[in-house]
Amino acid sequence: MMKQLTCLLIVLFAAAVMPAKYVSADEWHQWRGENREGVWNETGILDKFEGEQIPLRWRVPIGSGYSGPSVANGRVYVTDRLTKPKQVERVHCFDWETGESIWSYTYDCAYKIDYTAGPRATVTVQDGYAYALGAMGHLHCFDATTGEIVWKRDLNAEYNINMPIWGIACAPIVEAENLIVQIGGKPDACIVAFDRQTGEEKWRALDDNASYSAPIVITQAGKRVLICWTGANIAGLNPQTGETYWLYPFPPESFEIAIATPIFDQNELFVTEFRQGSLLLKLPQDKLVVELGWHRKGKNEQHTDALQTTMATPVRFGDYIYGVDSYGELRCLDARNGDRIWEDLSAVRKARWSNIHLVKHPGSSENRVWMFNEHGELLITELSPEGLNIISRAKLIEPTRDQLNRRGGVTWAHPAFAYKHVFIRNDNELVCANLEK
């Protein structure tokens with residue numbers, strides 16, 4: 001009772017001191033925004049860029065990292081890594097309007113993973129707390145305003161993690177009073193829930209290795225269901241107890257390569273991976289079970305009628321799913337059977353692991369999608385079964401070489417859309433640009 005009262009007081013205090021413009025504006029407080037759906041709802045946003053380069057409101061220097069920014073309560077949070085004079089990870093908080101540093105926290109962190117350009121997981125901000133999970137399993141809970149540590153845990157040391165080759169990547173998710181992470185701990189600790197205010201373990205579940213795919217929470221048969229795509233299964237769990245409601249085996253064929261977040265729409269769950277192809281599962285609303293819709297897998301990575309995604313989470317509009325294949329091809333699938341409707345190569349140059357992040361923007365038009373490609377370009381587009389319509393495109397930030405020292409570098413971090421602005425980082429800086437009309 002006392003913990004619930006404390007949490008309520010924190011929420012009420014935050015609402016009281018928060019300026020009105022933040023209360024009414026869209027925020028991006030976690031991976032892929034509200035409910036992890038990759039949707040930006042703000043209106044009054046420009047329909048076309050004025051030039052080839054998007055003017056910046058501010059820019060601040062940071063180190064390397066794959067983690068995208070999160071934006072909440074007038075602040076921007078991001079993590080990075082430095083290697084000199086020693087290996088450290090850092091968590092930063094900046095003022096959203098000016099880029100001025102509010103607080104920063106540094107801790108020692110030696111990497112024993114491939115692709116060493118920095119932390120992967122986006123900071124999750126909820127009810128006055130900021131939760132940061134590092135690539136080697138360091139989990140911190142901060143006072144989101146001051147940066148004071150509320151609690152911390154070294155999950156690699158405590159849970160005997162079978163460390164994925166590319167490290168820990170799944171952003172923590174908050175559900176009620178639990179903070180839930182996918183870490184691949186042993187035994188039976190692939191998924192672990194902590195009391196989000198104290199850090200005390202609440203439950204652990206599954207003996208699977210970890211993947212890189214962030215968990216989501218949906219509603220099925222009147223219950224909240226935690227969806228986790230692990231290194232072996234797609235699992236539906238009780239987010240309060242860790243009880244397994246259902247499992248669907250779908251192991252990646254190598255490296256626990258599952259990266260894209262599952263998308264849930266029309267009581268159907270869609271996942272895609274660059275060797276296993278595309279899978280659609282049906283989740284009935286009268287009972288807690290899972291049923292196969294369809295599975296489409298091509299003969300190889302380059303020639304397939306499926307969608308075999310490396311990193312980017314697809315989007316769905318009605319009966320059609322749009323996503324980026326492992327060589328950068330933008331593809332449209334019929335969600336009813338998995339058939340490929342079209343393929344387009346104009347949004348990003350074709351290359352191994354070429355990437356685009358997709359964010360739906362229903363406030364502008366029914367099928368409006370903002371795309372941020374690995375060249376650092378922002379695209380205003382519309383997607384339909386008839387094809388891709390690129391309305392406007394412009395450069396937002398320069399690619400850098402730490403994340404991939406090929407083709408002039410890349411920008412693989414996911415952007416955040418909040419307060420009618422876009423926030424994005426590379427391995428040198430974090431930038432903010434105004435997208436208001």
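Strand 32 (residues 429–434) is mostly covered, with 5 of its 6 residues buried; buried here means under 20% relative accessible area, exposed over 50% and partly exposed in between (1.4 Å probe, protein chains only). Strands are DSSP runs of E with at least two residues, numbered from the N terminus. This is a predicted model, in which local features need pLDDT of at least 70, side-chain atom pairs count only at pLDDT 80 or more, and totals for chains, interfaces and linings use all residues. Residues are numbered from 1 along each chain as its sequence is written, and side-chain values use heavy atoms, with hydrogens and water left out.

**Strand 32 and its partners**

- Strand 1 (residues 58–61) runs antiparallel to strand 32, and 4 bridges join them; two strands pair if DSSP finds at least two bridges between them.
- Within that pairing, you will find Val60 opposite Leu430 of strand 32.
- Strand 31 (residues 421–425) is also antiparallel to strand 32, joined to it by 5 bridges.
- Leu430 in strand 32 is the bridge partner of Arg425.
- A hairpin is formed by strand 31 and strand 32, with 3 residues between them.

**The sheet of strands 14 to 17**

- Here 4 strands make an open sheet with antiparallel pairing, in the order 14-15-16-17.
- Strand 14 (216–220) and strand 17 (244–249) are the edge strands, each pairing on one side only.
- On average, neighbouring strands of this sheet are turned by 25° against each other, direction ignored; the axes are lines fitted to C-alpha atoms, and angles run from 0 to 180 degrees between N-to-C directions.
- Strand 16 (residues 233–237) pairs with strand 17 over 5 bridges in the antiparallel sense.
- For a residue pair to look up, try Ile234, whose bridge partner in strand 17 is Tyr248.
- As a general reminder, side chains in a regular strand alternate between the two faces of the sheet.

**Glu329, a buried loop residue**

- Glu329 sits in the loop between strand 23 (320–324) and strand 24 (330–334).
- Glu329 counts as buried because its relative accessibility is 1%.
- Leaving aside residues up to four places away in sequence, Glu329 touches Gly323, Val324, Glu343, Asp344, Leu345 and Lys350, where contact means heavy atoms within 4.5 Å.
- A polar atom of the Glu329 side chain lies 3.3 Å from the backbone nitrogen of Tyr327.
- Glu329 and Ser354 are 25 residues apart in sequence, and their C-alpha atoms are 8.3 Å apart in space.

Technical notes
Polar contact = N/O pair within 3.5 Å; in protein donor to acceptor, adjacent residues only side chain to side chain.
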